[in-house]
Amino acid sequence: MTHPIKCHVRAEGGVTRIDVFDDIGGGWLGEGLTAKSFGTEMASIKGPLDIHINSGGGSVSDGIAIANAIRAHNGPKRTIVDGMAASIASVIMQAGDERIIEPGAMVMIHDAWSEQPVGNEESGRRIVESLRKHSENIAGLYAERAGGTAEDWRAVMREETWFTAEEAVEAGLADRVGTGAAALPQRFDLAAFHAVPGRIVNAMRSLPTIRRGEGGTPVLEAPAAAAGHCPSCGGSLAARNAGGDRPIGDGWVMGADGKPRFDPDGDGDDDATPEGDTDHDYFDESGKQIKPIPPMPKTGKDGKPKKAKKAKAEGRIRNADVDNSAWDASKAWHNGATADDPAAFYAGICAGKKSGDPATQAGWALPYKYHPDDPPNAAGVRAALSRLPQTQGLINKTEATKTLESAMKKVNPDYSPDDLMEPGLLSAALLQALKGGTK
């Protein structure tokens, strides 16, 4: 029987199956599955229960209530991750007596978060305190099922950590890998997450998408690889031979869409990223870099490379000394992991140091550029500054602050550490004022 709610409920051989294939609560693209509708449906279900999850997350309060409704069910219940249990959906996953994750599926956990606060200092203080309590509560739920302490899980949550099926089992977030096949939610938007590792991106691009067919029955749509994408990594082939490119130099071109690409062979792809290098000239099928990529030359209005001008006498630096491209932290981390000398590379792109192995990501924090020889990335600097107050385990916080504030002066010569109006830094300044809040 199909019920008119945001999940699908039906009987399968004596077991009631519930498909949670939507955002939780309000949702990012409209109303998703609310705790009220889920609770109403659960009240009429008896006996064994299978909850299939494929969701990018959503409202913390709705997700907690849905998980509690599952725990309260009087009968055996299994949670099965068909494609993704991200954010609060990973908490719903923990409510099953048995937690199964299908091969190729993924789990993501992170701290509770909100849009930038609006209002006065007191309203901001309340938002920060609420986020801290939500995150601590969620960490306790992970610890209860997966082992370890809530403090351990908070450290993992702060880094927005992704797990493959096998990694989720190893971490204790799942009991076993299933025997089915993974698929992505229909409305999943990768841009909603800020630190997706390259290995996860590559895996996602090869997964099919699941949608609702006639009568609510799940229907799998072919993965991108079947529609003109790389069969190994799923990278799009559509941009090849696009034409209209303007050479910049050193293999870099400015596309007709106004975006730069590294395309030394002129085939229309972007060899500077694992997902863009569809013919694997510079990155292999697993996303590992196999050839060095030269930094993009600075150009003038005529499109020709130009030499960087020296800073003005008063210390201001022109925008030519700033990378204004879109920021992708996962790309920066990937560049470090695949460098010939990862420790030196990380030291050149990160402001923060940790006590972990300097040849791995665990030894660093707060990346703000893509390559040690690159200028600071404007969006990367803002992102690093906004995360600085809540980044745990830094062993050089004073030095990291100076590095990022110096880089910010390059991005905006009029910037002041006390400037609350600098775009993207309001929440960072608020957290600084509240001394130790969480994101």
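Q: How many salt bridges does a search of the whole structure find?
A: A salt bridge is counted when a side-chain nitrogen of Lys or Arg lies within 4 Å of a carboxyl oxygen of Asp or Glu, and a search of the whole structure finds 10 of them. This is a predicted model, in which local features need pLDDT of at least 70 and side-chain atom pairs count only at pLDDT 80 or more, while totals for chains, interfaces and linings use all residues. Residues are numbered from 1 along each chain as its sequence is written, and side-chain values use heavy atoms, with hydrogens and water left out.

Q: Which parts of the chain does the salt bridge between Glu98 and Arg176 link?
A: Helices (H or I, at least four residues) and strands (E, at least two) are DSSP runs, numbered from the N terminus. Glu98 and Arg176 form a salt bridge whose closest N and O atoms are 2.7 Å apart, and this pair links distant parts of the chain, with Glu98 in strand β5 (residues 98-101) and Arg176 in strand β8 (residues 176-177), 78 residues apart. Another salt bridge joins Asp175 to Arg99, with the closest N and O atoms 2.8 Å apart; here Asp175 is in the loop between α6 (165-171) and β8, and Arg99 is in strand β5, 76 residues away.

Q: Is Arg99 buried or exposed?
A: Buried means under 20% relative accessible area, exposed means over 50%, and partly exposed lies in between (1.4 Å probe, protein chains only). Arg99 has a relative accessible area of 3%, so Arg99 is buried, whereas its partner Asp175, at 36%, is partly exposed.

Q: Why are Glu136 and Arg132 separated by about one helical turn?
A: Glu136 and Arg132 are separated by about one helical turn because they are four residues apart in helix α4. They form a salt bridge with the closest N and O atoms 2.8 Å apart, and Glu129, Arg132, Lys133 and Glu136 are linked in a network of salt bridges.

Q: What span should helix α2 have, and what do its end C-alpha atoms show?
A: The expected span of a helix is 1.5 Å times one less than its number of residues. The 12 residues of α2 (residues 60-71) should therefore span 16 Å, and its end C-alpha atoms are 17 Å apart, which agrees. For α4, which has 26 residues, the reach from first C-alpha to last is 37 Å, close to the 38 Å expected.

Q: Which residues have the most contacts inside the largest nonpolar core?
A: A nonpolar core is a set of buried Ala, Val, Leu, Ile, Met, Phe, Trp, Tyr and Cys residues joined through side-chain atoms within 4.5 Å. The largest one has 42 residues, and those with the most contacts inside it are Phe38, Ile101, Val107, Ile109, Tyr142, Trp153 and Leu173. The largest share of this core, seven residues, comes from α4. A second, separate core of 17 residues includes Leu385, Leu394, Leu404 and Tyr415.

Q: What is the phi of Ser87, and where does Ser87 lie?
A: Most residues other than glycine have a negative phi. Ser87 has a positive phi, near 60°, and lies in the loop between β4 and α3. Leu366 likewise has a positive phi near 60°, and its place is in strand β16 (residues 364-367).
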